[in-house]
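I open these notes to record, step by step, what I looked up in this structure. The entries follow the order in which I consulted it.

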Amino acid sequence: MRRFLLLLLLDGLGLFGYYLWHMRAPAPAHEFTAVAAPRVDTKDVQTLVAMDREFTHLIQSVVPAVVSVTTSRRVRVPLVDSFDQLFGWRGRTTELTQPAGIGSGVIVSKEGHVLTNHHVIEGSQEFTVQLTDGRSLPAKLIGSDPNVDIAVLQIDPKDTVALPIGDSDKVLVGQQVVAVGNPFGLQETVTRGIVSAKGRALRDSGVEFFQTDAAVNPGNSGGPLINLNGEVIGLNSAIFTRTGSWAGISFAIPSNVARNTLNAIVKYGHPVHGYLGTHFMSLNPSVAAQFGLRDTHGALITEVVAGSPAEGAGLKPGDVIRTYNGRPVDDAMSFRNIIGAAQIGSKAELKIVREGREMTVTTAVAELPESLARPQGERAPTGR
């Protein structure tokens, strides 16, 4: 009996030992076989491969000209130390430099001129431009124009890449564009889209914008909108949003506006705008019918400034301006932009409708008097 119990105990210990060994033994490895070949042969998607190669070539060509712009401002703060407390001194201050903001820009000349937005540099005194190769360069503010939200900086041009400024008048709705910038400080960010619309007017702006669906976020301001030729056709400036982030609608200042501002600032040291001396309004169907017009294209003159080129040319309130040097005038904003961008001293041939009769009036574009320029932060009236 004892021998039977001993054998039973030994068998139990053996089974228990086998159980422990089995639980501690490593589980068998899972099998994994990597896929060696792609599912699609590039020969079957040659068009897509070519498009991909060309698009990456475009990006590699333009990105080196895009920069980040960091601004700072000098502020005076109270100076309080042990001597102030000991002697009861009051009113001493010291000047400190504080970070103000960050934006984007694009180099557009061999001399190192950088285009960006006025609101990027507004209220700041010191500017730093960071290149894609990692260099940080001090920048000088050459000038800015709050009317059109354009600013011009300049950096040392050594070993930099510049992009040409394209003709924004040739931009078509639906064409592909690329936005490059530094959203949220993330440098060299590239987004892609199309031109969704032209002629968008924001409430406080003095220009008409391109609308695009390329993703733009805070930090993109001042960065370029680029066509497939690698030309700057706009400067990304604003977005429509209810949350503060991109919602699929971005706005860019047309490149011709930026070019005119750049040329004026470089030539004269300050922005220059064309001027005829008229106030005008857009037409609606009711007003157009009163003037015998079948459509609402044109700008209705409501006032002529005494002593202005418009008065000298014989323009009168009630005249409807239909074309400018053969270029159709769509509405008041369109005419305002045309005159504002016109070269000082250039001829202005206006086709007008007066009392139901078509006639042509010729005058010269003058420079907008400084007293009539829009003070910063104010909305300009519709008139030039």
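**Entry 1: strand pairing.** I began with S7 and strand S8 (residues 189-201), which run antiparallel and are joined by 6 bridges. I note that the model is a predicted one. Within this pairing I found glutamine 176 opposite isoleucine 194 in S8.

I then followed S8 to its pairing with strand S9 (residues 208-212); 4 bridges join these two, and they too run antiparallel. Alanine 197 has glutamine 211 in S9 as its bridge partner.

Returning to S7, I looked up its pairing with strand S10 (residues 224-226), which is antiparallel and has 2 bridges. Here alanine 179 stands opposite leucine 225 in S10.

**Entry 2: the barrel.** I next asked in what order the strands close into a barrel. The order is S7-S8-S9-S12-S11-S10, a set of 6 strands with antiparallel pairing. For neighbouring strands of this sheet I recorded an average turn of 45° against each other, with direction ignored. I also looked for what packs on the sheet: H5 does so, touching S11 and S12, and the direction of H5 makes about 45° with that of S12.

**Entry 3: nonpolar cores.** Which residues have the most contacts inside the largest nonpolar core? I list Val106, Leu115, Ile150 and Leu163, in a core of 27 residues. At least two residues of this core come from each of helix H2 (46-62), strand S6 (150-154), strand S7 (176-181), strand S11 (232-239), strand S12 (250-254) and helix H5 (255-268). H2 gives the most, with 4 residues. I bear in mind that nonpolar side chains tend to be buried together in soluble globular proteins.

I examined valine 106 further, leaving aside residues up to four places away in sequence. Among the residues that valine 106 touches are Ala65, Val66, Val67, Leu115, Leu163, Pro224, Val232 and Leu235. Apart from this core I noted another, of 20 residues, including Val304, Leu315, Phe335 and Ala348.

**Entry 4: the largest pocket.** Lastly I looked up the largest pocket and entered a volume of about 840 Å³. Its lining has 35 residues, and Asp169, Val257, Arg327, Asn337 and Ile338 lie nearest the pocket's centre. Which elements give two or more residues to this lining? They are S8, S9, H5, strand S17 (327-328) and helix H8 (332-341). The most comes from H8, with 6 residues.

How values were computed
Residues numbered from 1 in each chain as written. Predicted model: local features only at pLDDT ≥ 70, side-chain atom pairs only at ≥ 80, totals over all residues. Heavy atoms only, no water. Core = buried A, V, L, I, M, F, W, Y, C linked by side-chain atoms within 4.5 Å. Buried < 20%, exposed > 50% of the residue type's maximum accessible area, 1.4 Å probe, protein only. Contact = heavy atoms within 4.5 Å. Pairing = 2+ DSSP bridges. Axes fitted to C-alpha atoms, helices over the stretch in contact; angles between N-to-C directions. 1 Å grid on protein atoms, 1.4 Å probe; cavity = no way out; pocket = protein on both sides within 12 Å on 5 of 7 lines; lining within 4 Å. Points joined across faces, edges and corners; volume = space filled by probe spheres on them.
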